[in-house]
4 protein chains.
Amino acid sequence: MNLSGIVGYPVTPFSDDNGNVDFDNLGRVIDTLLEAQVDAIAALGSAGEAAYLTENEWQQVAEYTVKHVNHRVPVVIGIAELTTAQSIKRAQYAYQVGVDMIMVSPFSYYKLNEDEIFGHYESISNATPLPIMIYNNPATCGVDMSPQFMLKMVNDITNTCMIKDSTGDIQRMHKIYKLSNGKVPFFNGCNHMALEAFNAGASGWCTVAPCLIGKQPKQLFDAVKQSDNEKARELFYQQYEFLEFIVQLGLAAAVKSGFAIQGTPIGGPRKPLLPLTELKQKQLKTMLLELNSVA
Amino acid sequence: MNLSGIVGYPVTPFSDDNGNVDFDNLGRVIDTLLEAQVDAIAALGSAGEAAYLTENEWQQVAEYTVKHVNHRVPVVIGIAELTTAQSIKRAQYAYQVGVDMIMVSPFSYYKLNEDEIFGHYESISNATPLPIMIYNNPATCGVDMSPQFMLKMVNDITNTCMIKDSTGDIQRMHKIYKLSNGKVPFFNGCNHMALEAFNAGASGWCTVAPCLIGKQPKQLFDAVKQSDNEKARELFYQQYEFLEFIVQLGLAAAVKSGFAIQGTPIGGPRKPLLPLTELKQKQLKTMLLELNSVA
Amino acid sequence: MNLSGIVGYPVTPFSDDNGNVDFDNLGRVIDTLLEAQVDAIAALGSAGEAAYLTENEWQQVAEYTVKHVNHRVPVVIGIAELTTAQSIKRAQYAYQVGVDMIMVSPFSYYKLNEDEIFGHYESISNATPLPIMIYNNPATCGVDMSPQFMLKMVNDITNTCMIKDSTGDIQRMHKIYKLSNGKVPFFNGCNHMALEAFNAGASGWCTVAPCLIGKQPKQLFDAVKQSDNEKARELFYQQYEFLEFIVQLGLAAAVKSGFAIQGTPIGGPRKPLLPLTELKQKQLKTMLLELNSVA
Amino acid sequence: MNLSGIVGYPVTPFSDDNGNVDFDNLGRVIDTLLEAQVDAIAALGSAGEAAYLTENEWQQVAEYTVKHVNHRVPVVIGIAELTTAQSIKRAQYAYQVGVDMIMVSPFSYYKLNEDEIFGHYESISNATPLPIMIYNNPATCGVDMSPQFMLKMVNDITNTCMIKDSTGDIQRMHKIYKLSNGKVPFFNGCNHMALEAFNAGASGWCTVAPCLIGKQPKQLFDAVKQSDNEKARELFYQQYEFLEFIVQLGLAAAVKSGFAIQGTPIGGPRKPLLPLTELKQKQLKTMLLELNSVA
């Protein structure tokens with residue numbers, strides 16, 4: 001599986017009436033990403049509020065996403081479950097409905113040690129033929145995996161073949177690149193470090209940004225690929241404050257608010273998560289107006 | 001409700017055969033705590049691996065604990081769910097089966113802001129008449145609540161009336177005591193700071209230690225109450241390395257291993273959690289032999 | 001040498017006219033400490049702005065302090081120099097003028113490793129017969145020494161015999177006590193942890209507080225010694241906000257402002273340090289009025 | 001003054017006999033940098049062990065450097081003194097001997113607040129016509145300055161016109177660039193982030209690396225300028241482990257050891273700093289052999 005470029009993350013819309021997943025709007029969100037020319041769709045990630053869905057909802061979103069994308073781009077599905085047993089169940093379901101790849105993070109209550117994390121990934125790998133992207137995001141998952149340890153898993157566990165890191169620490173990317181001689185593909189999940197991650201050798205950028213600013217992330221990727229450093233820098237700084245802002249606000253709440261601002265109300269996040277305050281909505285509106293008129 | 005002294009935490013034993021909750025052994029664990037003269041039983045906390053149970057298992061453990069304790073001491077039940085809806089459901093179940101108090105922590109995937117946390121506690125308080133202990137443990141729950149914010153919730157939300165803090169930061173306790181004029185009861189969840197937490201005014205110590213070292217935590221509490229500083233210091237340093245060690249190892253795995261070492265095998269933790277390595281088991285055995293022969 | 005209780009820290013007054021050290025006022029500051037019944041005087045510490053003095057000024061302050069104290073209590077002198085050569089020179093001067101003990105911290109520009117720190121202390125020990133208190137304060141000195149490492153130095157280097165720790169981490173004190181079987185005396189330099197440090201076994205409290213609130217620190221020490229926990233806690237919380245406040249403000253600026261507020265203007269700190277803002281002065285005044293009317 | 005590219009940092013050699021500054025070897029070090037095509041020479045920085053020199057030595061090194069460079073490239077001199085008075089004295093001396101620019105950092109014992117830091121820079125600016133580079137390096141200087149605050153100083157204080165940041169936090173560079181609309185030149189002092197700092201818009205890279213690996217840093221700069229991303233990435237990863245290694249070892253000790261390894265023994269660092277251990281020397285030798293044979 002050859003993945004590179006912009007990996008777009010849909011949010012999971014809920015109905016204002018009953019709080020259930022709103023599949024029509026989920027289709028609209030996915031279409032928005034495809035129009036923004038993303039190179040893959042990664043559903044049920046942080047932005048997709050996967051942590052707040054029931055098992056049944058999770059399954060429905062996975063299945064719907066695969067059908068709706070319909071092979072136009074690869075579909076990646078995030079798995080971040082507290083028990084190994086539940087993670088395996090989700091991985092098997094994902095395979096069954098035709099997902100192309102799973103992205104697994106060691107979401108944890110107790111801090112897991114490396115033996116525990118290794119065992120977790122190994123058990124999942126043994127239970128599915130799907131390729132696995134190892135996802136490190138200590139801010140949401142509660143444990144941190146070093147580049148060395150992730151590379152060891154890529155080496156020792158059959159299906160683990162890629163790495164996503166969202167720490168925003170450029171040195172992690174240097175380590176992954178250097179220690180693997182540039183052989184293990186890695187993806188950047190820190191929006192406001194997108195430019196430098198590409199420069200450091202990242203294969204792609206995992207982001208919700210195309211939900212709100214269309215092709216601009218893809219244009220940044222293309223500029224770097226074409227070695228047009230001036231243009232890449234210009235495109236990056238153009239998006240910079242927006243990228244930093246949505247991370248600060250929480251991606252799910254920010255993107256859902258942004259859809260409403262741009263004319264497609266898709267509901268708010270699930271409690272305890274709250275929608276943006278009015279002040280934040282105004283700030284986001286100003287940014288989006290500026291960004292999308294420039295583009 | 002008047003809670004003080006030693007709040008004992010049972011682990012949740014699983015059967016080696018099928019991995020299900022082993023209620024006979026759960027009864028043995030609770031009995032061990034009661035023999036150690038704990039002043040309350042707090043089930044389904046971190047040590048109880050609540051995060052790794054299904055909803056059904058969780059309910060069964062809550063119900064069993066209430067029945068088995070049978071009013072000998074108050075029963076506290078921990079609630080740490082990602083959605084507000086699920087937390088409410090658990091709180092209502094706890095009330096229904098006769099729990100005396102719930103201990104609620106804002107377990108989170110996305111970092112919650114104060115408005116979100118406040119709304120979470122308020123919604124739970126509105127859904128149950130049970131008194132609520134606010135529990136701050138950023139190491140497991142992913143968000144940190146300041147003393148000021150927790151006191152605001154105690155003040156503004158009907159059923160929140162006590163605080164448990166496990167950060168191990170003595171200054172938090174100073175702030176709670178000082179800002180509430182010593183009026184809001186607070187509990188220490190950092191085992192290896194037990195002595196000083198009592199000195200700073202903590203009402204109690206939330207701990208798994210009596211599972212393995214019997215009355216020694218209670219003796220420490222009594223010594224402080226009797227202003228016998230020499231004895232309190234001696235008792236504390238006697239337990240110190242053990243207390244620090246079980247925190248480092250992960251409480252569930254450590255306590256389960258300790259039960260086996262002392263002749264009551266109750267199975268290991270649930271995956272991805274792993275049992276102690278053989279080396280760690282030996283170290284724990286040495287400590288327990290020394291501690292329990294002294295006592 | 002038997003040191004315990006309250007170790008009082010004089011500030012170093014400068015003349016408003018020419019910025020030179022004002023020895024008359026230094027005498028007044030020392031007298032204030034002695035009237036507050038401190039058990040030792042420690043000049044040229046952080047509070048004494050030693051880092052901002054010329055070598056000549058430093059020597060004069062050391063000599064003056066010894067003469068003015070005149071054996072009423074032991075005199076400790078702080079040494080925090082960037083080079084080993086300069087530290088030795090200061091240690092030898094201190095011995096020559098009759099100082100009882102030196103308190104040495106590894107002030108650093110480059111982060112020093114343990115070999116470098118060990119060599120530093122060893123060289124100083126070889127150059128003077130004075131007992132040495134090892135002083136750990138990463139906030140000002142830029143390097144952190146673990147309890148294990150400091151105990152190793154106490155063990156392996158001839159004149160190092162005591163430890164002062166200002167990190168405010170109660171676990172450091174537990175480690176020092178436990179690993180040395182209570183044999184190596186340690187002192188607390190974190191003002192707003194004074195109560196618990198004594199409970200944990202600290203021999204003394206190193207503090208500027210008696211400059212401004214008289215015998216109250218000594219009363220706290222006495223209450224703990226007499227195992228009067230209620231009184232100790234009351235005395236501690238009475239002083240708590242003041243202790244925390246002066247640390248936040250910077251000790252030198254805060255104490256100098258406090259002297260002025262209480263009728264003895266002794267000038268401000270040396271630039272780039274600035275005196276307290278008017279707002280902070282008012283807050284300090286309110287605290288001092290309350291504390292000193294109660295006492 | 002137009003500064004960009006590679007700013008080379010000489011170490012300050014000491015004689016093995018008497019520990020005095022060895023000016024012949026200082027000349028050799030400067031020549032090595034010039035042969036490596038650095039765009040400026042910055043003496044008396046961290047690598048120059050300025051913190052460990054007497055005032056007299058510092059003056060001699062400043063004067064010697066200006067004379068030896070003899071206008072071939074601009075000369076920058078570092079000033080990191082604890083008092084404002086001493087900093088002014090150094091700045092005036094630097095001007096008097098013909099230095100082109102000073103690089104000022106707020107080296108501190110007490111953590112300085114922003115008013116104190118502002119006053120410090122303002123006083124120095126008022127005392128000299130030299131352009132001032134604001135230098136932020138909390139790891140050595142003990143205080144951290146935000147991009148916002150440094151830009152405020154560039155704006156409000158006459159002679160402050162450039163920024164050097166050594167935190168290795170790429171987001172600081174984003175902030176400086178974005179908030180100043182790319183107008184305020186900034187320099188990167190974190191060796192192992194050199195590639196991305198240039199991508200983010202840094203004007204230059206402040207580094208000791210050319211002391212040991214010749215023109216390779218300059219080649220990296222040129223590749224970025226020519227938008228040859230492939231070559232820039234290759235050059236960067238070629239140097240990466242070396243760059244990270246010398247930072248970990250301490251720049252002064254590492255560079256001095258490297259000179260000896262490559263046939264120019266120039267003595268070790270000043271105590272308490274120690275030379276590299278034999279093991280580290282071997283590792284450095286291996287790296288240098290590889291890097292300099294490739295080049």
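In the predicted model, chains B and D share no contact, and their closest C-alpha atoms lie 21 Å apart. Chains A and C likewise do not touch, with 21 Å between their nearest C-alpha atoms. The predictor assigns the complex an ipTM of 0.96 and a pTM of 0.97. For chain A, the average pLDDT is 97, and 99% of the residues score at least 70.

Contacts are formed, by contrast, between chain A and chain B, to which each of the two chains contributes 26 residues. On the side of chain B that touches chain A, the elements giving two or more residues are α3 (84–96), α4 (114–127) and α5 (138–141) of chain B. The largest share of this side, 5 residues, is supplied by α4(B). Classified by residue type, the side of chain B that touches chain A comprises 13 nonpolar, 8 polar and 5 charged residues.

The two chains of this pair are related by symmetry. Chain B is superposed on chain A by a rotation of 180° with 0.0 Å of shift along the axis, at an RMSD of 0.0 Å. This is the relation of a two-fold axis. Among the residues of chain B, B:Gly142 comes closest to the rotation axis, its C-alpha atom lying at 3.2 Å. Both copies use the same surface, since 100% of the contact residues of chain B recur in chain A.

A further interface joins chain A to chain D, where 19 residues of chain A are in contact with 19 residues of chain D. The elements of chain A that give two or more residues to the side touching chain D are α7 (170–179), α8 (194–200) and α11 (229–249). This side of chain A has 7 nonpolar, 7 polar and 5 charged residues. A turn of 180° and a shift of 0.0 Å along the axis lay chain A on chain D with an RMSD of 0.0 Å. Because 100% of the interface residues of chain A are also interface residues in chain D, these copies meet through the same surface.

Helix α11 was examined further in chain C. There, α11 (residues 229–249) has 21 residues and reaches 29 Å from its first C-alpha to its last, close to the 30 Å expected at 1.5 Å a residue. Within α11(C), a bend of about 45° is found at C:Tyr240. The buried residues of α11(C) are C:Asn229, C:Ala232, C:Leu235, C:Phe236, C:Gln239, C:Phe242, C:Leu243, C:Ile246 and C:Leu249. In general, an α-helix has 3.6 residues a turn, so residues three or four places apart point the same way. After α11(C) comes C:Gly250, which has a positive phi, near 95°.

Helix α4 of chain C, spanning residues 114–127, includes C:Glu114. This residue, C:Glu114, counts as partly exposed because it has 14 C-beta neighbours inside 10 Å, a number between the limits of 12 or fewer for exposed residues and 20 or more for buried ones. The C-alpha atom of C:Glu114 is separated by 29 Å from that of C:Ile41, a residue 73 residues apart from C:Glu114 along the chain.

Technical notes:
Residues numbered from 1 in each chain as written. Chains lettered and ligands numbered in written order. Predicted model: local features only at pLDDT ≥ 70, side-chain atom pairs only at ≥ 80, totals over all residues. Contact = placed C-beta atoms within 7 Å. Helix = DSSP H or I, 4+ residues; strand = E, 2+ residues; numbered from the N terminus. Nonpolar A, V, L, I, M, F, W, Y, C, P; charged D, E, K, R; others polar. Least-squares fit on C-alpha atoms with pLDDT ≥ 70 in both. pLDDT = per-residue confidence, 0-100. Expected span 1.5 Å × (residues − 1). Bend = angle between axes of the 7 residues up to and from the residue.
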